[in-house]
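The following paragraphs introduce a protein structure to a reader who has not met it before. They move from the whole chain to one strand and its surroundings.

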Amino acid sequence: CVSQSSTSSVEVELDNGKVEKFTGLGAYNCDTIIESIRGGNTSYCVMAYGQTGSGKTYTCTELLPRVSEMLLGYVEKGYEVQLNAFELYLGSIKDLLREEACSVRQDAKGRTHVDAKKVVVGTQEDAESLINKAFANRASSATKSNEQSSRSHAFVRFTLRKGKEGEEGEEEREVTIVDLAGNERYEETFHHDAARLAEMKAINA
């Protein structure tokens, strides 16, 4: 659980109930994402990183519904909101909504694309259902530090579109929230089996 006080300090409640307080981090406002898009940026990315059990996944699952709610406000202005989700696990990429492998390609401009299925989001309930499905399908396992440690890098991407591809006046903006896999201190990995050690190497690669 993450809470923000008026003194720009953040209190993080860990899974074990312990509360840690951090200061000087500044207040995070989701409006920053929207203003960045409206200012002409074609993409915006937020990444959560840190040790396993530090609250990365909780933060992302709290942030994502707020982002979708703000983006859905543009539907009445003629925009369409799409969502896709995928994970990078042991060097392979999986579509978290279709639960199958997906390919990676480069376009003529050298940009990299992950061909995870994009689903049109019509309501906030749709968005939250897709987000929950994506995180439920993500690779996770128990480690010494965390009983439900995320073992893959998870990406949830919103696409805000207006007009058809290739037509004059077409607009496309992307917001990507990345929940990186939890890493562990070296001394906490001695009791891992071969599978966990392989995951750790992939996470830190």
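Two residues are said to be in contact when they have heavy atoms within 4.5 Å of each other. On that basis, among contacts in the protein chain between residues at least 6 apart in sequence, 59% join residues at least 24 apart. The structure is a predicted model, in which local features need pLDDT of at least 70 and side-chain atom pairs count only at pLDDT 80 or more, while totals for chains, interfaces and linings use all residues. Residues are numbered from 1 along each chain as its sequence is written, and side-chain values use heavy atoms, with hydrogens and water left out.

The protein chain contains four helices and 14 strands; these are DSSP runs numbered from the N terminus, helices being H or I runs of at least four residues and strands E runs of at least two. Of the 205 residues in the chain, 40% are buried, a term that denotes under 20% relative accessible area, as against exposed at over 50% and partly exposed in between (1.4 Å probe, protein chains only). The chain exposes about 12,000 Å², and carbon and sulfur atoms supply 47% of this area. Accessible areas come from the Shrake-Rupley method with a 1.4 Å probe, and for residues only the protein chains shown count as cover.

Attention now turns to strand β5, which spans residues 80–89. Seven of its 10 residues are buried, so that the strand is mostly covered. Strands are taken to pair if DSSP finds at least two bridges between them. Strand β5 runs antiparallel to strand β13 (residues 153–162), to which nine bridges join it; within this pairing, E80 stands opposite R161. Three bridges connect β5 with β10 (residues 119–121), again in the antiparallel sense, and here L83 has V119 as its bridge partner. With β6 (residues 92–95), β5 forms four bridges, also antiparallel, and Y89 is partnered by S92. Two residues lie between the strands in the hairpin of β5 and β6, where L90 takes a positive phi near 50°.

Is Q82, a residue of β5, buried or exposed? Q82 counts as buried because its relative accessibility is 12%. Leaving aside neighbours within four places in sequence, Q82 is in contact with K118, V119, V120, V121, R157, F158, T159 and R161. The side chain of Q82 also makes a polar contact, at 2.9 Å, with the side chain of E80. A polar contact is a pair of N or O atoms within 3.5 Å; within protein, one must be able to donate a hydrogen and the other to accept it, and residues adjacent in sequence count only if both atoms are side-chain atoms.
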